[in-house]
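Colleague: I would like a close look at one part of this model, with its surroundings described in enough detail to place it. Please start from a single contact and work outward.

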Amino acid sequence: MSKPNKLLSYEYAQSVIKPTAKQKEEKNDCSVRAIATAVGIGYDSAHAFIKEVFKRVKRKGCTNMVKTCIQLQKEELELEGKKFRFKYIPRQQLRNEYKLYGEYIYRAKTVKSFVKSFPKGTFLVFVAKHVFTIKDGLMIDNTGEEFRPTRKVIDAVEVILESNQMELFPEEEPLMKAARAGR
């Protein structure tokens with residue numbers, strides 16, 4: 001018996017980002033929205049960052065975004081006081097392995113299987129001519145894109161946010177966790 005097909009957790013980008021005058025005059029700005037939602041900054045800051053670093057032209061899509069993210073991997077970036085860096089996910093990790101008639105075949109992960117494989121973390125996910133954010137399994141994208149969980153993932157970049165607060169309980173052994181919980 002198969003499990004029912006469950007839709008992805010979804011949030012509209014416009015509900016996460018405050019509308020601005022600059023946003024109203026733009027189109028083809030998925031790269032700006034993806035950076036804004038991944039880092040947790042305003043639209044105008046993300047727009048200026050994409051324009052300066054990724055050489056985005058007004059009202060045009062952003063080309064070579066993955067290549068630029070790869071080049072920026074070793075740098076620590078900062079926007080609106082939030083420090084972050086990029087980490088490219090190798091393409092081998094973006095494919096699924098299937099056994100078909102005794103042979104193993106590989107196919108690109110869909111958005112749904114990407115979320116299953118990477119349930120934690122913040123990612124810029126690249127599909128054909130589009131980019132969006134996945135944050136801890138929650139897909140943040142434009143209106144109308146929530147019904148397309150079978151799009152093939154071409155590339156993915158993890159956005160690692162540097163925490164400026166110390167963790168209350170850093171990684172500890174399971175016995176210590178159980179002792180703290182009173183077990």
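Over the ring of which residue does the charged end of R107 sit, and how far is it from the centre of that ring? After that, please take me to helix α3 and say how it is placed among the strands and the core.

Modeller: The model is predicted, and what follows should be read as a description of that prediction. The charged end of R107 sits over the ring of Y98, at 6.0 Å from the ring centre. A further arrangement of this kind involves R95, whose charged end lies over the ring of Y106, 4.4 Å from its centre.

Now the wider setting for the helix. The chain contains seven helices and nine strands, and 40% of its 183 residues count as buried. Among contacts with a separation of 6 or more, 59% are between residues 24 or more positions apart.

Seven of the strands form an open sheet in the order β1-β8-β7-β6-β9-β3-β2, and the pairing is mixed. Strands β1 (9–12) and β2 stand at the edges with a single partner strand each, so each has one side without a neighbour in the sheet. From one strand to the next the twist averages 30 degrees. At the β1 edge, the partner is β8 (residues 138–141), and the two pair in the parallel sense over four bridges. Within that pairing, E11 stands opposite I140 of β8.

Helix α3 lies across β3, β6, β7 (130–135), β8 and β9, and runs at about 10 degrees to β7. Because 10 of the 10 residues of α3 (residues 30–39) are buried, the helix is largely enclosed by the rest of the structure. The buried residues include polar and charged side chains as well as nonpolar ones, among them S31, R33 and T37. Just after the helix comes G40, with a positive phi near 85 degrees.

The helix also belongs to the core. The largest nonpolar core has 29 residues, and I35, F54, M65, F86 and L124 are those with the most contacts inside it. Two or more residues of this core come from each of α3, α4 (43–53), α5 (65–71), β2 (77–79), β3 (82–89), β6 (122–127) and β9 (155–161). The largest share is that of α3, with seven residues. Another core lies apart from this one; it has 16 residues, including V111, F123, V125 and M139. As a background point, nonpolar side chains tend to be buried together in soluble globular proteins.

F86 gives a view of the main core from the side of a single residue. Leaving aside residues up to four places away in sequence, F86 touches I35, F54, C69, L72, Q73, L77, L124, V157, E158 and V159. F86 is also part of an aromatic cluster with F49, F54 and F84.

The structure holds six aromatic pairs. In one of them, F49 and F84 have ring centres 6.0 Å apart and planes at 75 degrees, so the pair is edge-to-face. The two residues are 35 apart in the chain, with F49 in helix α4 and F84 in strand β3, and the pair thus links distant parts of the chain. Both F49 and F84 are buried.

How values were computed. Residues are numbered from 1 along each chain as its sequence is written. This is a predicted model: local features need pLDDT of at least 70, side-chain atom pairs count only at pLDDT 80 or more; totals for chains, interfaces and linings use all residues. Side-chain values use heavy atoms; hydrogens and water are left out. Buried means under 20% relative accessible area, exposed over 50%, partly exposed in between (1.4 Å probe, protein chains only). A nonpolar core is a set of buried Ala, Val, Leu, Ile, Met, Phe, Trp, Tyr and Cys residues joined through side-chain atoms within 4.5 Å. Contact means heavy atoms within 4.5 Å. Two strands pair if DSSP finds at least two bridges between them. Axes are lines fitted to C-alpha atoms, for helices over the stretch in contact, and angles run from 0 to 180 degrees between N-to-C directions. Rings of Phe, Tyr and Trp (its six-membered ring) pair if their centres lie within 6.5 Å; planes under 30 degrees apart count as stacked, over 60 as edge-to-face and the rest as tilted. A charge sits over a ring if NZ of Lys or CZ of Arg is within 6 Å of the ring centre and within 35 degrees of the ring normal.
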